[in-house]
Amino acid sequence: MIQTRFETEGCQTFLPEVPEAVHNRLNDAYLQLINRSGAGNDFLGWLDLPEAAGSNEIEDVKRVAVRLKELSQVVVVIGIGGSYLGARAIIEALQPHFSDLNPSPSAPTVLFAGNNISEDYLSDLQNILDKKEYSLIVISKSGTTTEPAIAFRILKQHCENKYGKEEAKKRIVAITDRQRGALKQLATQEGYDTFVIPDNVGGRYSVLTPVGLLPIAVAGYDIDALLEGAHRMHELLLADKTLQGNPAMHYALIRNLLYCNGKRVELMVAYEPRLYYLIEWYKQLFGESEGKENRGIFPAGCIFSTDLHSLGQYVQEGQRMLFETVISVEKSHHTLPIPFDEQDTDGLNYLQKKSITEVNHAAETGTRAAHIAGGVPNLRIVIPEINEKTLGELVFFFEFSCAIGGYLLKINPFDQPGVEAYKKNMFRLLGKK
Ligand code: PA5
């Protein structure tokens, strides 16, 4: 049974009655997606990924993950954008806070590289790797992206110097295109274990391929449960195209109506800091999918209540171009009641015996009411708790909704022509031939 719910609150004030024409547009967008007839339909392989649970490839992913776990205290995942954010989103959502300081005894610490061009970052990482047993997972679909290519060149040499060339080969896994690109060529030449990123899956839709699954399995999390959650959401969204029964269509429609009524920025909010990278993943998914032809909602993100003390003022009273979508988590993993204090100098005894989650929920409910009153419509995506299944549901929910949203905007949600512009300038400045 699906555990994710989608709810809206305070939207009626901002939206006119939904005309029939809009329903028809939504229906067309849905049919374009499921009949695979819309723009970018050669990039719809992600629609089939939740079905992959139990396939030979998943077993290979688990086998290689076991090997890397045995060899390593640290596994460095090298990649950027879609070849990075999905794995980080799921791992950070599942792992306990402060796990760098308190590593799991049964799984290596997963670190990330190749997602920036910082000399200090790579130097500091090498200093850590000098003292740890480690392996590398390098991920690049094109096999030519500059950031991960630089990081991999440096870390490959570090690994070969530390372990020798033959041992290093056992410690490096490449995830890349089936045939093309420099990384594929190198992986074949060196004989690395290799997984394929399917041609018909774009980077930002690739978390349920080995791109996400291998790092997540290495970190010790249950990829079968993640795929099962995605599969359950997949079944629901393909079976029911009514607004009441299809939360992804409902979400896509409300977003589009808000956009057409001047709400140009979506603030994706969570009250659990462990969802920070899920929001980063959402930003990439929607930003790269919708932001083209001078259209699209700008996807922004916040962790509340942290950011209520920085951006909260703007949300409440700044320019009225925002709507807010909260990923609301019903249950925390731990219970920590606020204790009684004899002196009550801090005046907190009124909270005694309340759990911190109760206080967090009161902050959420109170903030929602304040923001709605201040002109910020609120949407809610509710999950009972954070685990592999609910994260799998969320991943597929957002991917599906993003695709429908793109078709509602009449753009191709699966390309990213604008990403090339900065690269051209950078290459020219660096003298690349
Ligand atoms: O979603 C995308 O397609 C991009 O964000 C890419 O994933 C990113 O640019 C990395 O590309 P590559 O995997 O080719 O190194």
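**Figure 1. Helices H4 and H8 on the parallel sheet.** Helix H4 (residues 119-130) lies across strand S2 (74-78), S3 and S4, and runs at about 150° to S3. This is a predicted model, so keep that in mind for every panel here. A second helix, H8 (residues 210-218), lies across S2, S3, S4, S5 and S6, running at about 165° to S4. Underneath is an open sheet of five strands, ordered S3-S2-S4-S5-S6, with parallel pairing. Strand S3 (109-113) and strand S6 (193-196) take the edges with a single partner strand each, so one side of each is left without a neighbour in the sheet. On average, neighbouring strands of this sheet are turned by 20° against each other, direction ignored.

**Figure 2. Zooming in on edge strand S3.** S3 may stand at an edge of its sheet, yet it is mostly covered: five of its five residues are buried. In a regular strand, side chains alternate between the two faces of the sheet. Here, Thr 109, Leu 111 and Ala 113 point one way from S3, while Val 110 and Phe 112 point the other way, and all are buried. S2 and S3 run parallel and are joined by five bridges. Look for Val 77, which stands opposite Phe 112 in S3.

**Figure 3. The S4-S5 pairing.** Strand S4 (residues 134-140) and strand S5 (residues 172-176) run parallel, with five bridges joining them. A handy landmark is Leu 136, which stands opposite Ile 172 in S5.

**Figure 4. The mixed sheet and its helices.** This open sheet has five strands in the order S1-S10-S9-S7-S8, and the pairing is mixed. Strand S1 (5-9) and S8 are at the edges; each has a single partner strand, so one side of each is left without a neighbour in the sheet. Neighbouring strands of this sheet are turned by 20° against each other on average, direction ignored. S1 pairs with strand S10 (residues 378-383) in the antiparallel sense, over five bridges. Within that pairing, Thr 8 has Leu 379 in S10 as its bridge partner. Helix H10 (residues 247-260) lies across S1, S7, strand S9 (322-329) and S10, and runs at about 30° to S1. H11 packs on the sheet too, touching S7, S8 and S9, and its direction makes about 175° with that of S8.

**Figure 5. Where helix H2 meets helix H9.** The axes of helix H2 (residues 56-71) and helix H9 (residues 223-239) come within 11 Å and cross at roughly 145°. From H2, Ile 58, Val 61 and Lys 62 meet Ile 223, Asp 224 and Leu 227 in H9. By class, that contact of H2 with H9 comes to four nonpolar, no polar and two charged residues.

**Figure 6. Two aromatic pairs, one tilted and one edge-to-face.** Searching the whole structure turns up 22 aromatic pairs. In the pair Trp 46 and Phe 414, the ring centres are 6.2 Å apart and the planes are at 40°, so the pair is tilted. Trp 46 lies in the loop between helix H1 (20-34) and H2, and Phe 414 in the loop between helix H14 (388-408) and helix H15 (420-430), so the pair ties together parts that are 368 residues apart in sequence. Trp 46 is buried, with a relative accessible area of 0%, and Phe 414 counts as buried at 6% relative accessibility. Now for Tyr 271 and Phe 304: their ring centres are 5.7 Å apart with the planes at 80°, so this pair is edge-to-face. Tyr 271 lies in the loop between strand S7 (265-270) and helix H11 (276-290), and Phe 304 in the loop between strand S8 (298-303) and helix H12 (312-317), so the pair ties together parts that are 33 residues apart in sequence. Both Tyr 271 and Phe 304 are buried.

**Figure 7. An aromatic cluster, plus charges over rings.** Phe 6, Tyr 251, Trp 281, Tyr 282, Phe 286, Phe 397 and Phe 398 come together as one aromatic cluster. Elsewhere, look for Arg 171: its charged end sits over the ring of Tyr 163, 3.8 Å from the ring's centre. Lys 432 likewise has its charged end over the ring of Phe 427, 4.2 Å from the centre of that ring.

Methods
Residues numbered from 1 in each chain as written. Predicted model: local features only at pLDDT ≥ 70, side-chain atom pairs only at ≥ 80, totals over all residues. Heavy atoms only, no water. Axes fitted to C-alpha atoms, helices over the stretch in contact; angles between N-to-C directions. Helix = DSSP H or I, 4+ residues; strand = E, 2+ residues; numbered from the N terminus. Contact = heavy atoms within 4.5 Å. Nonpolar A, V, L, I, M, F, W, Y, C, P; charged D, E, K, R; others polar. Phe/Tyr/Trp six-rings, centres within 6.5 Å; stacked < 30°, edge-to-face > 60°. Buried < 20%, exposed > 50% of the residue type's maximum accessible area, 1.4 Å probe, protein only. Lys NZ or Arg CZ within 6 Å of the ring centre and 35° of its normal. Pairing = 2+ DSSP bridges.
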